[in-house]
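Reader: Hello! I am new to this structure and would love a close look at one part of it. Could you pick a loop, tell me what stands out there, and then show me how it fits with the rest?

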Amino acid sequence: MEKPYNSYSDYLKTHYGYRIYRVGVDGGFSCPHRDKSRTKGGCIFCDSQGAVSVYHRKSESSFTHESGFEKDIDSTLKQTIMPLEEQVQRGVEFVRRRYKAEHFSLYFQSYSNTYAPTEKLKEIYDSVIDLYPWEEFIVSTRPDCIDREKAELLSSYKEKVGSVCVELGLQSGSDKILKAMRRGHTVECFLGAATIIKEQKLNLCVHVLTGFPGEGKAELDETINVIRKIHPEAVKVHNLNIASGTGLFESYLEGEVHVPSTRRHIQSTAYFLRRIPKDIIIERLICETPAHRLAGPRAFADKNSFLRALEAYMIKNNFNQGDLA
């Protein structure tokens, strides 16, 4: 059955004729919002592990997605980082074993992967770009870590890798919500960074977080308007999760913060999808914080169950991505 939105898996099959699997690596970057010389503690929702791929978290290898929540799990900012070549080998072996993968993307996933001088970035990127015949090169970062020089460097890798994508965190199109999130950047800053990325003809994937305290329809509409204005190639949508080591964690334990239910996230996601252009690729629709670090929401559908429920809801109501754009 055809999905009521432009899914990433369908895009890969249409564009390439096969699935491509991401190999996430940690380049040893930090984040300007956590830098000791400037820090205010990072974004209030930010998981202390910085989105490190599951196969690189050696200290958590004994946990599973069914594990109970561990309040006292180590929440230090960084753990020991394996050499990049070893990370690539481990990542390729993992996705081959788990998915029988044959095609791979290089994904600089952890923290802000353009947070370094351009010459240092080139040194790091160059050290892994020739390790494997990658079909995509993906770099995740923040709006305040992109300038024209760095975008030009990323664009230069199109000579070696056909597709180069920047994943850029917007999170919200409301400056009020961004301030409450303690993001450390404004909507204007995001728009400037996104414009630079588009000017270099790099693919752009925008990260959005829904369900943050204080976000209502008006604030979600502001986010939608930013997406429509910049028209990225792709988006990732995340529901609010409360993980150990985040600024929201203690407030959640005190009952001061509530997280959206599965039903609410289905409704807000459908609303979001209907109002963005139908050609934007939907790469993700829920956050997947490992259960042992997830304080809330505990009673939330897993990824496959959520996607089935979302699709059923949209089909039942004759909703489709872009039908109200």
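**A close look at one loop**

Author: Happily! Lys 201 sits in the loop between α6 (187-199) and β5 (203-210). Please keep in mind that this is a predicted model. What stands out in this loop is the backbone: Lys 201 has a positive phi of about 60°, although it is not a glycine. That deserves a second glance because most residues other than glycine have a negative phi. Is Lys 201 buried or exposed? Lys 201 counts as exposed, because its relative accessibility is 66% and the cut-off for exposed is over 50%.

Now to the rest of the chain. Asn 318 also has a positive phi of about 60° without being a glycine. You will find Asn 318 in the segment after α10. With a relative accessibility of 60%, Asn 318 counts as exposed.

Another backbone feature belongs to the loop between β9 (294-296) and α10 (303-316), where Pro 297 lies. The peptide bond leading from Gly 296 to Pro 297 is cis, with omega near 0°. In general, most peptide bonds are trans.

A further loop to visit is the one between α4 (148-156) and β4 (163-171), which holds Lys 160. Which residues does Lys 160 touch, leaving aside those up to four places away in sequence? They are Ile 129 and Asp 130. Pro 133 is 27 residues from Lys 160 along the chain, and their C-alpha atoms are separated by 8.7 Å.

On the surface, Glu 119, Asp 147, Glu 149 and Glu 152 form a negative patch. Of these, Glu 119 belongs to helix α3 (residues 118-129). Glu 119 counts as exposed, since its relative accessibility is 60%.

Finally, here is the setting for these parts. The protein chain has 10 helices and 9 strands. It has 325 residues, of which 54% count as buried. Taking the contacts between residues at least 6 apart in sequence, 82% join residues at least 24 apart. The accessible surface of the chain comes to about 15,200 Å², and carbon and sulfur atoms account for 48% of it. To return to your loop, Lys 201 is where a positive phi goes together with an exposed position.

Terms used
Residues numbered from 1 in each chain as written. Predicted model: local features only at pLDDT ≥ 70, side-chain atom pairs only at ≥ 80, totals over all residues. Heavy atoms only, no water. Patch = residues over 30% accessible without salt bridge, like charges linked within 9 Å, V, L, I, M, F, W, Y side chains within 5 Å. Areas by Shrake-Rupley, 256 points an atom, 1.4 Å probe, with all protein chains shown as cover. Salt bridge = Lys/Arg side-chain N within 4 Å of Asp/Glu carboxyl O. Lys, Arg positive; Asp, Glu negative; His and termini not counted. Charge placed at Lys NZ, Arg CZ, Asp CG, Glu CD. Helix = DSSP H or I, 4+ residues; strand = E, 2+ residues; numbered from the N terminus. Buried < 20%, exposed > 50% of the residue type's maximum accessible area, 1.4 Å probe, protein only. Contact = heavy atoms within 4.5 Å.
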